[in-house]
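Thank you all for making time this morning. I would like to walk through one structure with you, at an unhurried pace, and I will pause on a few places as we go.

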Amino acid sequence: MNQAILELREKLDQALRNMASTAGLENLKVEYLGKKGSVTALLKNMGKLSAEEKKSFGREVNELKDYVMEAISRQTAALQEQELQRELNAVEAFDMSVPPVLDRGSYHPITLVQRKCEEVFRSMGFTVEDYSEIVTDYECFEALNIPPFHPARDMQDTYYLDNGQLLKTHTSAAQNAIYKKYRDALINEGKPIKAVFPSRCFRNEATDACHENTFFQMEGVMVGEDISIANLIYFMKTMLSEVFDNYGLKVRLRPGFFPFVEPGFELDISCQICGGKGCPSCKHSGWLELCPCGMIHPNVLREGGIDPEKYSGFAFGLGLTRLAMMKYGIKDIRDLNSGSLAALAQFTDDK
Ligand code: DAH
């Protein structure tokens with residue numbers, strides 16, 4: 001065997017014997033087989049050799065390469081095994097009784113209040129309805145006593161689609177379909193219509209701490225014979241008391257204008273942060289605006305195929321986003337869409 005090759009082989013054997021880390025082995029590999037490595041350097045002298053010598057030298061260099069590769073990978077495997085053993089020995093006795101920590105994720109605060117409201121209304125005999133987010137002008141406005149060019153349309157800056165439909169600006173847009181769905185049961189079987197319908201809503205509004213172009217509402221309607229404002233107050237009070245776990249919760253109605261109700265109201269609850277004494281959150285009034293509502297306008301009932309002479313009803317449009325912010329003390333609406341799991345995960349209590 002060529003002398004230089006023999007020497008390299010011995011040098012490698014010795015280096016391997018002293019090698020204690022896998023990182024060192026990587027360096028060794030470069031030292032021998034890298035572009036500027038010692039094996040590569042051997043080839044540089046090939047030019048001086050005769051054709052015959054070249055042949056055997058070339059073969060020996062290739063054998064050396066294989067030898068280096070194999071020796072290093074054998075040593076690497078041995079060292080890895082040793083390192084694993086060392087780690088395993090360092091692990092203390094494993095306690096099988098410790099429960100695993102499973103991160104099951106969490107619900108979004110709006111989902112939590114939505115589910116709570118659905119649960120409360122279901123328990124009071126309401127159905128929970130689903131409805132499209134893309135609706136027609138008729139559903140969103142005309143069926144709700146807001147004809148084209150009515151100034152009330154300015155209250156809601158609307159996203160219109162190219163096909164003439166629009167992104168619903170309020171959950172009231174499903175009212176007409178709900179009346180039509182249940183009016184036969186009302187008229188023929190005397191079953192009152194009791195439904196809630198949560199949904200995302202969209203308005204072209206500048207974003208700030210209290211406004212977003214996308215938000216959640218939950219609409220509710222009850223229609224039957226002799227339904228009055230007393231029923232409206234009762235259901236709203238019960239629902240809000242349960243959502244806020246405050247059974248002495250005070251509510252008050254103030255007049256408010258909405259074309260689809262007559263009379264229309266703003267419903268306020270006593271401030272949950274200061275208990276009604278007055279604080280920055282309630283602008284020192286002790287009250288918080290939460291849920292516009294009213295007695296359904298006769299035109300709206302008529303449009304839904306229900307005779308307003310015989311039947312009456314109430315409707316409300318609960319701001320779910322607002323409700324979540326109040327229940328959980330979230331001061332900036334943008335936090336709800338921030339995607340910050342650390343911020344949003346803290347409200348799920350059944351994790
Ligand atoms: N749809 C109204 C809005 O988003 C809220 C509303 C007011 C809904 C009064 C109602 C109601 O059902 O009776 O501005």
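**Helix H8 and what follows**

Let me begin with helix H8, where a simple check can be made: at 1.5 Å a residue its 15 residues should span 21 Å, and because the C-alpha atoms at its ends are 21 Å apart, the expectation and the model agree. I should say straight away that this is a predicted model, so please keep that in mind for everything that comes after.

H8 covers residues 229-243, and Ser241 is one of the residues within it. Which residues of H8 are buried? They are Leu232, Phe235, Met236, Thr238, Met239, Leu240, Ser241 and Val243. Taking Ser241 from that list, its relative accessibility is 7%, and it counts as buried because the cut-off for that word is under 20%. If we set aside its neighbours within four places in sequence, Ser241 is in contact with Asn246, Tyr247 and Leu249.

After H8 comes Asp245, which has a positive phi, near 50 degrees. Asn246 belongs to the loop between H8 and strand S6, the strand made of residues 251-255. Is Asn246 buried, partly exposed or exposed? With a relative accessibility of 24%, Asn246 counts as partly exposed. Apart from neighbours within four places in sequence, Asn246 is in contact with Ser241, which we have just met, and with Gln272. Asn246 and Gln272 are 26 residues apart along the chain, and their C-alpha atoms are separated by 8.8 Å.

**The sheet**

Let me turn now to the strands. Seven of them form an open sheet with mixed pairing, and the order across the sheet is S1-S4-S5-S9-S8-S7-S6. Strand S1, residues 127-128, and S6 stand at the edges with a single partner strand each, so one side of each is left without a neighbour in the sheet.

Strand S8, residues 287-296, has ten residues, and seven of them are buried, so this strand is largely enclosed by the rest of the structure. On one hand, S8 is joined by eight bridges to strand S7, residues 261-270, and these two strands run antiparallel; within S8, Gly294 is the residue that stands opposite Gly264. On the other hand, S8 pairs with strand S9, residues 312-319, over three bridges, again in the antiparallel sense. Which residues of S9 are the bridge partners of Met295 and Cys293? For Met295 the partner in S9 is Phe314, and for Cys293 the partner in S9 is Phe316.

Before leaving the strands, I would point out Pro263, whose place is in strand S7. The peptide bond that joins Glu262 and Pro263 is cis, with omega at about 0 degrees.

**The loop after H6**

Next is the loop between helix H6, residues 137-140, and strand S3, residues 166-167, where Arg153 is found. Arg153 counts as buried, because its relative accessibility is 14%. Leaving out neighbours within four places in sequence, Arg153 is in contact with Asp137, Phe141, Glu142, Ile146, Pro147, Pro148 and Tyr160. Arg153 and Pro259 are 106 residues apart in sequence, while their C-alpha atoms are 9.9 Å apart in space.

Asn145 is found in the loop between H6 and S3, and its phi is positive, near 65 degrees, in a residue other than glycine. Phe149 also has its place in the loop between H6 and S3, and here phi is near 70 degrees, once more a positive value in a residue other than glycine. Phe149 is exposed, with a relative accessible area of 84%, whereas Arg153 counts as buried.

**The ligand**

Finally, I come to the ligand, which is surrounded by 16 residues, the closest being His170, Ser172, Arg203, Gln217 and Glu219. His170 places a polar side-chain atom 2.8 Å from a nitrogen atom of the ligand. For Gln217, a polar side-chain atom lies 2.9 Å from an oxygen atom of the ligand, and for Glu219, a polar side-chain atom lies 2.7 Å from an oxygen atom of the ligand. On its own the ligand has 350 Å² of accessible area, and the protein covers 94% of that.

That is where I will stop, and I am glad to take questions.

Terms used
Residues numbered from 1 in each chain as written. Predicted model: local features only at pLDDT ≥ 70, side-chain atom pairs only at ≥ 80, totals over all residues. Heavy atoms only, no water. Helix = DSSP H or I, 4+ residues; strand = E, 2+ residues; numbered from the N terminus. Buried < 20%, exposed > 50% of the residue type's maximum accessible area, 1.4 Å probe, protein only. Contact = heavy atoms within 4.5 Å. Expected span 1.5 Å × (residues − 1). Near = heavy atom within 4 Å. Polar contact = N/O pair within 3.5 Å; in protein donor to acceptor, adjacent residues only side chain to side chain. Areas by Shrake-Rupley, 256 points an atom, 1.4 Å probe, with all protein chains shown as cover. Pairing = 2+ DSSP bridges.
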